[in-house]
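Student: I am new to this structure and would like to be led through it step by step, with each term explained as it comes up.

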Amino acid sequence: MTFTLENLQALLPLLITCATTIFVMLAIAIKRNHWWNATVTVIGLNIALLSSYYALKVIPQTVTPLFVVDGFSLFFSGLILIAALGATTLTNAYIESFKRNREEIYLLITIATAGGIVLSFSHHMASLFIGLEMMSVALYGMVAYTYDRARSLEAAIKYLVLSATASAIMLFGIALIYAQIGSLAFSEIGAGITQEPSLLIVVGGMMLLIGLFFKLSLAPFHLWTPDVYEGAPAPVGAFLATAAKVAVFAVLVRFAILESNSVLASTPFVITLIVVACISMMVGNLLALKQNNIKRMLGYSSIAHFGYLLLLVLVGGQKFGIEGFAVYLTIYVITSLAAFGVVTLMSQADGKRDADMLSDYRGLFWRRPYLASIFTLSLFSLAGIPLTAGFIGKFYVVTAAVGAGFWGWIGLIFVVLGSSIGIFFYLRTIISLFLAKKHMHRFDAEINWGQRTGGIMVLGAAAFILVIGIIPNPLMFIAQLTQLLWVAQ
Amino acid sequence: MLTWLILIPFIGGLLSWQAERFGSKAPRWIALFSMILLFACTLNLWLKYDYSLANLSAGQSVWAEEFQVNWIPRFGISFHLALDGLSILMLLLTAFLGVLAVVCSWTEVKRKVGFFHLNLLWILGAVAGVFLAMDMFLFFFFWEMMLIPMYFLISLWGHKAVDGKGRVEAATKFFIYTQSSGLLLLLAIIGLVFVHYMQTDVLTFDYADLRNTQMSASLEMILMLGFFIAFAVKFPVVPFHSWLPDAHSQAPTAGSVDLAGILLKTAAYGMLRFAIPFFPNASQEIAPLAMWLGVAGIIYGAFVAYSQDDIKRMIAYTSISHMGFVLIGIYSFNQIAMQGVVVQMLAHGISAAGLFIISGQLYERLKTRDLNKMGGLSSRMSGIPPIAMFFAAASLGLPGLGNFVGEFLILVGVFKVDMVVALFATSGLVLGAVYSLILVQRSLHGPAQSNEPLAGINARELTMMLSLIFILVWLGLYPQPVLDTSAAVMNSIGQLITSSQSIPAAQ
């Protein structure tokens with residue numbers, strides 16, 4: 001096994017992210033200063049993001065049997081980095097008032113980001129598992145970071161136990177697949193999955209899928225989501241909802257759709273995937289209906305969104321599937337960053353809890369008009385209303401499904417039902433921003449929130465939602481990068 | 001030029017939102033100015049072109065003015081606006097009622113004036129977009145966009161209903177009804193685009209291209225139903241109407257004016273412009289059903305209106321009744337009836353707006369919309385009672401006023417196509433007299449609740465009312481200019497049906 005320079009160049013985003021972790025560690029060791037440590041993190045992640053441009057020049061590229069770098073992986077590693085950057089800037093605004101050590105959370109963020117990038121590069125079960133664990137373990141720490149709050153600790157333990165169980169199930173599934181096929185590479189496993197797969201493959205494959213579904217919080221494996229979202233500090237919630245999900249979804253799509261095409265032809269898997277997508281749409285939207293907690297509501301809404309997304313990938317086919325997936329996921333990430341960003345800006349790490357109750361936001365529009373407008377915009381975008389980017393995403397889903405025949409139409413019924421229900425709770429949240437407040441507000445964003453790093457990020461996200469909602473062409477163009485695929489021999 | 005028709009309200013809305021920091025007067029004046037500007041622009045467009053000359057054969061569209069730039073080439077979507085006789089009339093109505101909506105909330109709305117006008121103007125901008133869009137994606141874009149400001153208008157500045165139901169509930173109901181039907185519309189649009197794509201390998205959302213799509217009868221029916229149901233909810237056709245009374249009774253006056261005057265018309269416009277030309281055969285098939293739904297709406301609306309205590313709910317139900325006439329007119333595919341539809345839409349827009357403004361004025365004075373608490377108002381105030389009487393008369397279809405012309409033309413046209421439908425629809429005129437008179441009776445006549453005199457009409461209100469009265473009388477006495485404007489378009493739609501049908505409908 002020889003490394004060429006091109007190999008390393010292709011791996012640049014991952015290498016730089018890992019290096020950033022070390023630099024941040026050293027930076028903390030040299031001087032414990034919040035601003036300076038955060039700056040090192042942000043610079044490192046930015047360089048990693050920029051290096052994607054150089055990596056783009058040498059793709060497609062296989063690096064060891066574990067990694068593959070092509071348009072698809074670079075697009076999603078870029079998206080993970082953007083999400084991580086967003087979460088970092090939010091953390092910076094949020095953690096400032098934290099009484100204990102503030103700096104280590106950046107370490108955890110960079111480690112989790114590196115794990116995410118490994119996932120998006122991997123086309124081998126070993127790298128999949130390493131990436132997943134690297135990300136999850138760092139996430140446990142992040143969720144528990146404000147451990148003075150009982151909720152934060154509770155969420156972390158819940159996440160730890162359930163996630164470890166899911167990982168174990170997944171590992172067992174991988175072992176079963178290996179027992180049948182004798183290889184861990186995606187492409188060879190893909191070749192082994194035929195239209196009528198053997199029982200071992202079906203069971204193993206299902207167990208593998210269960211593990212991934214769990215991480216994506218697709219129903220019926222979603223039970224941890226609302227609790228963890230509620231308990232985690234708001235910026236960590238943002239990371240969890242964006243970067244972590246993108247990474248897992250990217251690897252799922254690479255495994256199930258790009259490299260083993262026949263997964264889509266083998267009946268048990270297709271039915272499972274479609275059913276999970278449909279249940280997720282319904283469960284997510286129905287359970288969000290009566291939520292008074294914004295973070296829980298966003299958690300449920302993410303379940304529904306991943307349901308739409310799964311449907312889109314399944315029925316999209318060559319023309320729209322992968323491109324639509326990239327567009328939808330990007331829009332979802334930016335929108336979630338904006339929504340969680342507002343929650344973060346309203347909250348402080350030293351408070352007893354985050355500003356996550358609906359009542360905390362009553363009348364926000366009349367106190368902080370722009371912040372409330374951004375929140376409104378992002379909620380409309382999540383609901384998929386025109387003029388916001390979310391509509392473009394929904395448009396892709398519907399377009400893909402209409403052209404997809406029977407399964408597409410079944411899915412569409414759920415899409416229509418789900419989004420009709422969804423509108424109710426998005427509206428409910430939105431209108432409370434505008435209603436006159438009944439009591440003193442306990443939470444408020446700082447008056448100069450717009451000039452702080454987190455605020456600028458949120459403003460940028462809002463601008464993205466609006467601009468892409470009106471002129472989606474640039475995003476579609478970039479998303480077509482994902483078509484530059486490495487082809488399995 | 002066409003782009004400006006959409007941009008003026010949007011920019012005006014943003015300006016008046018920001019102008020609130022200069023006091024509550026500034027947003028009103030900016031909104032009023034931009035509405036007058038919009039009205040002047042549409043009036044200019046109306047006078048500039050001769051719409052009657054566009055002599056079309058079936059299935060063709062000739063635009064008086066057109067504007068097209070690429071928007072999302074990936075999906076063959078373009079920013080395509082076009083103007084013809086039907087759109088200009090609808091735009092005139094939009095702009096005119098827009099001016100009125102601003103004026104009638106001059107004193108009614110006191111809280112958050114800037115944001116109110118932002119929403120009000122954005123509704124109008126989006127509606128102008130709906131009337132101009134000739135790209136299905138763009139149309140859907142505006143179609144959905146007008147819901148959001150309307151939602152805010154009802155939920156933030158609305159009133160509590162007489163029976164205590166909250167305004168937020170009403171607004172949410174409105175939004176969910178129209179939004180889910182909008183999703184159906186989106187599905188049908190994309191379905192149509194895909195059928196076209198399969199045939200020609202060209203992905204396009206353009207109106208003119210999609211009109212040439214060939215499809216099997218069953219597919220045509222399914223897609224047509226998608227369009228039909230979406231428009232029927234907005235219309236509202238009777239089984240889908242339950243959002244309307246709630247939304248109306250809780251909305252502020254300006255919201256009701258926009259809702260009854262303009263938003264309902266977008267549905268009728270959508271049927272005329274899209275549902276029928278895209279799917280002439282399926283429309284032909286569904287026509288008897290649609291006409292009977294129209295009849296059901298006429299009779300049901302009238303009966304329910306009669307028993308309402310809330311004056312705005314009552315007017316809302318009369319709207320359902322009047323829109324029933326529009327529905328049977330559209331689906332009779334008869335040239336005369338379709339011309340009647342245009343007049344009826346304009347006249348109903350004006351008369352419903354007049355009634356809603358009156359009830360808004362009564363509410364400002366009495367602080368109630370409950371008819372039980374009115375009575376004897378003729379003796380307590382000057383100015384408003386005779387005007388209320390006038391609009392009630394218009395609503396019952398008094399000859400000489402616009403509504404009469406509309407309903408008469410529709411009935412004459414429908415009579416030739418289906419006599420039984422016409423017969424039942426005519427009962428709407430009788431029932432219309434009943435509910436209009438009961439409205440007058442309960443509010444204006446009878447024993448007064450107190451002897452305390454109420455403020456009479458002021459100059460602002462009088463100007464508004466007189467302008468409405470003038471238009472209604474003009475439509476009633478000399479509707480020819482309107483008929484000339486829409487004749488070409490209606491003719492081409494009518495021909496589309498006659499050319500596609502094997503047996504002539506008029507037997």
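Student: Among contacts in chain B between residues at least 6 apart in sequence, what percentage join residues at least 24 apart?

Tutor: This is a predicted model, in which local features need pLDDT of at least 70, side-chain atom pairs count only at pLDDT 80 or more, and totals for chains, interfaces and linings use all residues. Residues are numbered from 1 along each chain as its sequence is written, while chains are lettered from A and ligands numbered from 1 in the order in which they are written. Two residues are in contact if their C-beta atoms, placed from the backbone, lie within 7 Å. Among the contacts in chain B between residues at least 6 apart in sequence, the share joining residues at least 24 apart is 81%.

Student: What radius of gyration does chain B have, and what would a compact globule have?

Tutor: The radius of gyration is taken over C-alpha atoms, and the globule rule is 2.2 Å times the number of residues to the power 0.38. For 507 residues this rule gives a value near 23 Å, which agrees with the computed value for chain B, namely 22 Å.

Student: What share of the residues of chain B count as buried?

Tutor: A residue is buried if 20 or more other C-beta atoms lie within 10 Å of its own, exposed if 12 or fewer, and partly exposed in between, with C-beta atoms placed from the backbone. Of the 507 residues of chain B, the share that count as buried is 62%.

Student: How many bridges join strand 1 of chain B to strand 2 of chain B?

Tutor: Helices (H or I, at least four residues) and strands (E, at least two) are DSSP runs, numbered from the N terminus, and two strands pair if DSSP finds at least two bridges between them. Strand 1 (residues 65-72) and strand 2 of chain B form a hairpin with four residues between them, and Gly76(B) in the turn has a positive phi of about 65°. Strand 2 (residues 77-83) of chain B has six of its seven residues buried. The two strands run antiparallel, and the number of bridges joining them is seven.

Student: Why does the length of helix 14 of chain B agree with what is expected?

Tutor: The expected span of a helix is 1.5 Å times one less than its number of residues. Helix 14 (residues 335-366) of chain B has 32 residues and should therefore span 46 Å, and 27 of its 32 residues are buried. The end C-alpha atoms of helix 14 of chain B agree with that span, because they are separated by 46 Å.

Student: Is Phe333(B), in the loop between helix 13 and helix 14 of chain B, buried or exposed?

Tutor: Most residues other than glycine have a negative phi. Phe333(B), however, has a positive phi of about 55° although it is not a glycine. Because 26 C-beta neighbours lie inside 10 Å, Phe333(B) counts as buried.

Student: Which residue is joined to Pro236(B) by a cis peptide bond?

Tutor: Pro236(B) is found in the loop between helix 9 (217-234) and helix 10 (243-250) of chain B. The cis bond before Pro236(B) has an omega of about -5°, and its other partner is Phe235(B).

Student: Which helix supplies the largest share of the side of chain A that touches chain B?

Tutor: In all, 19 residues of chain A are in contact with 21 residues of chain B. Helix 15 (389-402), helix 16 (405-434) and helix 18 (473-479) of chain A each supply at least two residues of that side of chain A. The largest share, nine residues, comes from helix 16 of chain A.
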